[in-house]
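This report describes side-chain contacts of two kinds, salt bridges and aromatic pairs. The sequence and the model are shown first.

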Amino acid sequence: MTTDQTSIVVSRIIDASAADIFNLLSNPERHHELDGSGMVVSDEKTDRITASGQVFTMNMNNEKMGDYQTENHVTGYDHNKLLAWQTAPAGTEPKGWQWVWELEPQGADSTEVTLTYDWSHVTDKETLKQVSFPMVSKDELEQSLNMLAAGVSGA
């Protein structure tokens, strides 16, 4: 990985319909089941994601920060095709990193899922001092796709 890298993209085919996968992804209550990094603990009683502009709150934990909350601002929503959000520490505005889930049907019960973790819009010098990007590795993102496949299959 080069130091000028500003995103990580992973994808895989999951044996489930785009509708079933989107149903799981749009439910923040289940996001802890999909987090390959292990940082997502639970959601803070958030409603299903149904449109851009919504904000959902997650309870988080990691070694460096301990317990904390994030507010996730939905920036992309296309039913059964796309979900994207920018993450910010609770009570603050997003600083420029985002998560993008894209779904491309490959038949009735097969979907290519692409997960992008993008920090290319982080320009705030204080944020760049405090946060070491990437915070999540490619392996952890691939694990998220594996966990999504298991979650949608009910395994």
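Is glutamate 33 buried, partly exposed or exposed? With a relative accessibility of 30%, glutamate 33 counts as partly exposed, where buried means under 20% relative accessible area, exposed means over 50%, and partly exposed lies in between (1.4 Å probe, protein chains only).

The model is predicted, so local features need pLDDT of at least 70 and side-chain atom pairs count only at pLDDT 80 or more, while totals for chains, interfaces and linings use all residues. Residues are numbered from 1 along each chain as its sequence is written, and side-chain values use heavy atoms, with hydrogens and water left out.

**Salt bridges**

The structure contains two salt bridges, the term denoting a side-chain nitrogen of Lys or Arg within 4 Å of a carboxyl oxygen of Asp or Glu. In one of them, glutamate 33 is joined to arginine 30, with 2.9 Å between the closest N and O atoms. Arginine 30 is partly exposed at a relative accessible area of 27%.

The other joins lysine 129 to glutamate 126 at 3.4 Å, N to O. Both residues belong to helix H2 (residues 125–130) and are three residues apart, about one turn of the helix. Helices (H or I, at least four residues) and strands (E, at least two) are DSSP runs, numbered from the N terminus. Lysine 129 is exposed, its relative accessible area being 66%, whereas glutamate 126 is partly exposed at 44%.

**Aromatic pairs**

Across the whole structure, six aromatic pairs are found. Rings of Phe, Tyr and Trp (its six-membered ring) pair if their centres lie within 6.5 Å; planes under 30 degrees apart count as stacked, over 60 as edge-to-face and the rest as tilted. Two of the pairs are tabulated below.

| Pair | Centre to centre | Angle between planes | Class |
|---|---|---|---|
| Phenylalanine 56 and tryptophan 85 | 5.1 Å | 80° | edge-to-face |
| Tryptophan 119 and phenylalanine 133 | 6.1 Å | 10° | stacked |

The edge-to-face pair links distant parts of the chain, with phenylalanine 56 in strand E3 (residues 55–62) and tryptophan 85 in strand E5 (residues 82–89), 29 residues apart. Phenylalanine 56 is buried at 2% relative accessible area, and tryptophan 85 is buried at 7%.

The stacked pair also links distant parts of the chain: tryptophan 119 lies in the loop between strand E7 (111–118) and H2, and phenylalanine 133 in the loop between H2 and helix H3 (138–153), 14 residues apart. Tryptophan 119 is buried at 7% relative accessibility, as is phenylalanine 133 at 18%. Both residues belong to one aromatic cluster with Trp97, Trp99 and Tyr117.
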